[in-house]
Amino acid sequence: MGEIATNLSAIQDRIAEAATSVNRKPEEITLIAVSKTVPLEGLFQAYEAGQRHFGESRLQEALPKIQAMPEDCVWHFIGPLQSNKAKAIGNLFHIIHTVYNERQLKEIEKCSRQVDVFIEVNIGEEEQKAGILLKDIDDFYQSLIHCKQATFRGLMTIGPRVESSEESRRFFRALKEQNARLGGTCISMGMSGDFDVAIQEGATHVRVGSAIFGSR
Ligand SMILES: *Cc1c(COP(=O)(O)O)cnc(C)c1O
């Protein structure tokens, strides 16, 4: 087995372990292989090992990969969503995880198909981080549900940088509470360093890059 296949298998085991530790079913969790900066060969290896969900953060980089990979891949946009590219991204990707302002919504409205979206939340209220603040979520949610081309799936966050993943728990828990309040059916949270804790706190989509493909 190649290194990528070995890593994927180890991560699937950890996902199952985290899920069962809180009486959740491992099948409730979608592993998104974050393949930004990874050459096409790495994506093919992951595909061969059974991986179908991929996460990319730049349109230019993703385009040739999406064209080259088999049709049954599911593409998640997880990078900064510049509004001038939101229409193209919505037409290409199945799910956008990083929607948090009106300008992005206006462009998504022009897409030629329905796009599933997550609202990105700046759950740690960090200065430099993208995403909506808790106090603005309700207003933005109203705008989102009036955007015909966008289907609300749930909330997404990038946890604050912390020393140990255990410190992320309270942020993940807070996101889950907000998600339940808004009726979100999915929650996108957890990366290589903290996906186990995110799953214990209710994540349905974990975005894992370096633990699969190696450090960038
Ligand atoms: C890069 C990235 C990831 C993956 O990070 P790793 O630490 O490599 O697992 C997940 N989510 C987002 C939004 C990212 O930009």
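# Exercises on a predicted model with a bound ligand

A polar side-chain atom of Arg216 lies 2.8 Å from an oxygen atom of the ligand. The structure is a predicted model, and the exercises below work through its ligand site, core, cysteines and selected loop residues.

## Exercise 1: the ligand site

Task: List the residues that surround the ligand, and state how much of the ligand's accessible area the protein covers.

Solution.
1. Start from the polar side-chain atom of Arg216, which is 2.8 Å from a ligand oxygen.
2. Add Lys36, where a side-chain N or O atom is 2.7 Å from an oxygen atom of the ligand.
3. Add Ser210, where a polar backbone atom is 2.8 Å from a ligand oxygen.
4. On its own the ligand has 390 Å² of accessible area, and the protein covers 88% of that.
5. The full surround consists of Val34, Lys36, Ile78, Met156, Ile158, Met191, Ser192, Arg207, Val208, Gly209, Ser210 and Arg216.

## Exercise 2: the nonpolar core

Task: Identify the residues that touch the most other members of the largest nonpolar core, then list the contacts of Ile108.

Solution.
1. The core has 59 residues, and those touching the most other members are Ile96, Ile108, Ile119, Val206 and Ile212.
2. Helix α1 (residues 3-21) supplies the largest share of this core, six residues.
3. Leaving out residues up to four places away in sequence, Ile108 touches Leu81, Ala86, Ile96, Val99, Val115, Val117, Cys147, Gln149 and Ala150.
4. As background, nonpolar side chains tend to be buried together in soluble globular proteins.

## Exercise 3: the cysteines

Task: Determine how many disulfides the model contains, and explain why Cys147 is too far from Cys111 for a bond.

Solution.
1. A disulfide requires two cysteine sulfur atoms within 2.5 Å.
2. The cysteine sulfur closest to that of Cys147 belongs to Cys111 and is 8.1 Å away, so the pair is too far apart for a bond.
3. Cys111 is accordingly in no disulfide, and the count is zero.
4. Cys111 is buried at a relative accessible area of 5%, and Cys147 is buried at 4%.

## Exercise 4: two serines in loops

Task: Decide whether Ser57 is buried or exposed, do likewise for Ser168, and locate each serine.

Solution.
1. Ser57 sits in the loop between β2 (53-56) and α3 (59-68).
2. Its relative accessibility is 15%, so Ser57 counts as buried.
3. Beyond residues up to four places away in sequence, Ser57 touches Lys36, Phe77, Ile78, Gly79 and Pro80. Lys36 and Ile78 are among the residues around the ligand.
4. Ser168 belongs to the loop between β6 (150-156) and α7.
5. With a relative accessible area of 0%, Ser168 is buried.
6. With the same sequence neighbours left out, Ser168 touches Pro160, Val162 and Asp194.

## Exercise 5: positive phi and an exposed helix residue

Task: Give the phi of Thr37 and of Glu125, and classify the exposure of Thr37, Glu125 and Ala180.

Solution.
1. Thr37, in the loop between β1 (30-34) and α2 (40-48), is not a glycine but has a positive phi near 70 degrees.
2. Thr37 is exposed, at 52% relative accessible area.
3. Glu125, in the loop between β5 (115-120) and α6 (137-146), has a positive phi of about 50 degrees and is likewise not a glycine.
4. Glu125 is partly exposed, with a relative accessible area of 48%.
5. Ala180 is part of helix α7 (residues 169-182), and is exposed at 57%.
6. Ala180 and Leu155 are 25 residues apart along the chain, with 9.5 Å between their C-alpha atoms.

Key: Residues are numbered from 1 along each chain as its sequence is written. This is a predicted model: local features need pLDDT of at least 70, side-chain atom pairs count only at pLDDT 80 or more; totals for chains, interfaces and linings use all residues. Side-chain values use heavy atoms; hydrogens and water are left out. A nonpolar core is a set of buried Ala, Val, Leu, Ile, Met, Phe, Trp, Tyr and Cys residues joined through side-chain atoms within 4.5 Å. Buried means under 20% relative accessible area, exposed over 50%, partly exposed in between (1.4 Å probe, protein chains only). Helices (H or I, at least four residues) and strands (E, at least two) are DSSP runs, numbered from the N terminus. Contact means heavy atoms within 4.5 Å. A residue is near a molecule or strand if one of its heavy atoms lies within 4 Å of it. A polar contact is a pair of N or O atoms within 3.5 Å; within protein, one must be able to donate a hydrogen and the other to accept it, and residues adjacent in sequence count only if both atoms are side-chain atoms. Accessible areas come from the Shrake-Rupley method with a 1.4 Å probe; for residues, only the protein chains shown count as cover.
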